[in-house]
Amino acid sequence: MYLKTEVITAVAAWAFSAAALSLPSACDAIEGGICPRGDVDLVALGKKLSSSAQMYFPGSTLFTDLTTRWSALAEPKVNVVVVPGTEKDVVETVKFANKKDLPFLTYNGVHGAILSLGKMDHGVGISLSQLSSVKVAKDGKTATMGGGTMSKVVTDKLWAAGKQTVTGTCECVSLLGPALGGGHGWLQGHHGLVSDQFVSMNVVLANGTLKTIDQTSELWWAMKGAGHNFGIVTSLTTKIYDIEHSDWAIETLSFSGDKVEAVYQAANDYLLKNGTQPAGVINWSYWMNNADVDASNPVIVFYIIQEGVTAVDSIYTKPFHDIGPLSVVPEAGTYKDLATWTGVAVDSPPCLNSGYANPRFPIYLESYNIPAQKKAWDIYAPAINGSSPYSNSILMFEGYSFGGVHDIPSSSSAFAFRSENILAAPLINYLPGNETVANQAVALGNQLRNVFFEASGRDDIRAYVNYAHGEETQNQLYGNSKERLLALKKKYDPTGKFSFYAPIA
């Protein structure tokens with residue numbers, strides 16, 4: 001306990017000095033040459049790290065850059081950020097934290113937004129930002145990526161090689177962040193989830209050992225859906241595919257709220273088709289304020305996306321045109337344009353860390369329940385309209401093709417909910433600081449989710465772990481996987497080192 005307190009104090013409280021302490025290796029890279037004076041433990045850690053490793057402390061710009069999150073809700077707090085230059089640096093950092101009885105948390109895109117992260121109130125941050133690489137195998141069937149590689153980097157590097165794979169849709173999240181919770185993506189109708197592409201990975205376990213695991217390993221099943229509970233993935237080998245379609249097209253249709261029932265009935269009839277939506281067709285929609293379309297009222301922004309074409313087929317678009325949209329915007333391009341078209345590119349608002357809280361309240365659905373869509377709209381639209389503190393909120397409906405996900409047996413991974421066709425999630429955006437506003441945001445998010453749940457006919461909510469608010473039960477996040485996961489947790493992480501993101505124990 002003395003050592004733990006000593007290290008926390010040494011890291012958290014120091015006097016900045018113009019004459020920086022001379023530290024070896026990692027500490028030499030600190031911005032401006034400023035180091036925590038007299039911390040012999042961090043000096044010792046620095047000696048064990050590679051020459052490319054870095055450390056940053058509160059008060060430096062790079063510390064702030066590495067720790068500022070997309071959602072300002074329940075932000076984790078650390079006293080030092082280590083930026084490993086090699087996989088071995090991750091091992092040494094975990095061993096250091098364990099020796100000093102300090103908690104540690106891996107940073108990999110800082111888009112996680114769940115209440116359990118707030119339990120991290122001191123300790124060591126591990127940023128994987130330097131472990132970024134994409135290497136295509138000679139046979140062109142797999143690629144090996146560093147554990148900190150961003151989704152856009154994966155897409156761009158593979159595209160240049162005539163290849164692609166399933167990644168998360170948002171360009172500024174890492175490949176592995178979503179993947180460890182399953183991971184939805186544009187190409188899942190063909191190939192399944194991001195985690196379904198895994199071939200092997202290097203993982204630093206809770207005790208600081210580096211292991212290579214694959215389908216023969218006991219932990220393989222758990223890493224595909226609940227991996228954030230078991231280790232730090234420092235590198236990953238994943239399946240890749242030849243680019244089948246260079247052409248992609250989208251039609252963005254905006255509707256007034258009085259069309260909500262007609263829009264989602266058309267989506268059921270002409271897109272979802274009882275769970276048989278074609279692999280190359282995707283429907284997405286946002287409920288949001290968009291002054292360019294309607295300066296006074298929230299609108300429904302509905303995307304119809306199709307691969308292999310330069311214009312979305314009228315068999316999909318005409319039923320929506322007949323409803324009477326406020327606007328229709330067709331665009332054509334490539335797979336690489338999808339993030340920009342749908343507002344999740346690196347320069348889009350979801351990729352800007354602007355100090356807002358962004359709790360989400362996810363639920364999987366089999367189809368759009370039309371009365372529930374209407375009921376939810378009637379609650380949501382006035383709640384975000386006008387001068388509401390939630391005016392930047394969105395309610396998302398992600399209607400990927402699920403064929404490739406359905407085709408893979410549920411027993412193959414810890415991801416619990418393969419039978420669904422739609423991922424819905426209210427995202428209630430607000431500036432933190434007012435307790436009443438925060439409490440009402442949670443109430444609104446849960447009220448909306450419960451509208452969809454009550455109409456689903458399910459016994460319980462089925463929630464996507466990567467969007468979880470943090471008050472969901474383990475059954476709601478992990479389904480029937482819970483007991484098997486608990487047994488593995490007891491074996492591989494008995495003291496709960498990995499317990500800050502949707503913990504299973």
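**Two loop residues, Ser285 and strand β18**

Colleague: Between which two elements does the loop with Ala74 lie?
Modeller: This is a predicted model. In it, Ala74 is found in a loop that comes after α3 (61–67). That loop lies between α3 and β2 (80–83).

Colleague: What is the phi of Ala74, which is not a glycine?
Modeller: Ala74 is not a glycine, yet the sign of its phi is positive. The value is about 50°.

Colleague: Is Ala74 buried, partly exposed or exposed?
Modeller: Its relative accessible area is 23%. Buried requires under 20% and exposed over 50%. Ala74 is therefore partly exposed.

Colleague: Where does Lys273 lie, and what is its phi?
Modeller: Lys273 lies in the loop between α9 (260–272) and β13. Lys273 is a residue other than glycine with a positive phi, and the value is near 50°.

Colleague: What is the relative accessibility of Lys273, and how does the residue count?
Modeller: The relative accessibility of Lys273 is 33%. The limits are under 20% for buried and over 50% for exposed. Lys273 therefore counts as partly exposed.

Colleague: Is Ser285 buried or exposed?
Modeller: Ser285 lies in strand β13 (residues 281–288). Its relative accessible area is 1%, and the cut-off for buried is under 20%. Ser285 is therefore buried.

Colleague: Which side chain makes a polar contact with the side chain of Ser285?
Modeller: Leaving aside neighbours within four places in sequence, the residues in contact with Ser285 include Val301, Phe302, Leu395, Met396 and Phe397. The polar contact between side chains has a length of 2.8 Å, and the partner of Ser285 is Tyr264.

Colleague: Which residue in β18 stands opposite Met396?
Modeller: Met396 is one of the residues in contact with Ser285. Strand β17 (residues 394–399) pairs with β18 in the antiparallel sense over 5 bridges. Opposite Met396 in β18 stands Ala425.

Colleague: Which residue in β18 stands opposite Leu365?
Modeller: Strand β16 (residues 363–365) runs antiparallel to β18, and 3 bridges join them. Opposite Leu365 in β18 stands Ile422.

Colleague: Why is strand β18 described as largely enclosed, and how many of its residues are buried?
Modeller: Ile422, Ala424 and Pro426 point one way from β18, and they are buried. Leu423, Ala425 and Leu427 point the other way and are buried too. Strand β18 (residues 422–427) is largely enclosed by the rest of the structure because the count of buried residues is 6 of the 6.

Key
Residues are numbered from 1 along each chain as its sequence is written. This is a predicted model: local features need pLDDT of at least 70, side-chain atom pairs count only at pLDDT 80 or more; totals for chains, interfaces and linings use all residues. Side-chain values use heavy atoms; hydrogens and water are left out. Helices (H or I, at least four residues) and strands (E, at least two) are DSSP runs, numbered from the N terminus. Buried means under 20% relative accessible area, exposed over 50%, partly exposed in between (1.4 Å probe, protein chains only). A polar contact is a pair of N or O atoms within 3.5 Å; within protein, one must be able to donate a hydrogen and the other to accept it, and residues adjacent in sequence count only if both atoms are side-chain atoms. Contact means heavy atoms within 4.5 Å. Two strands pair if DSSP finds at least two bridges between them.
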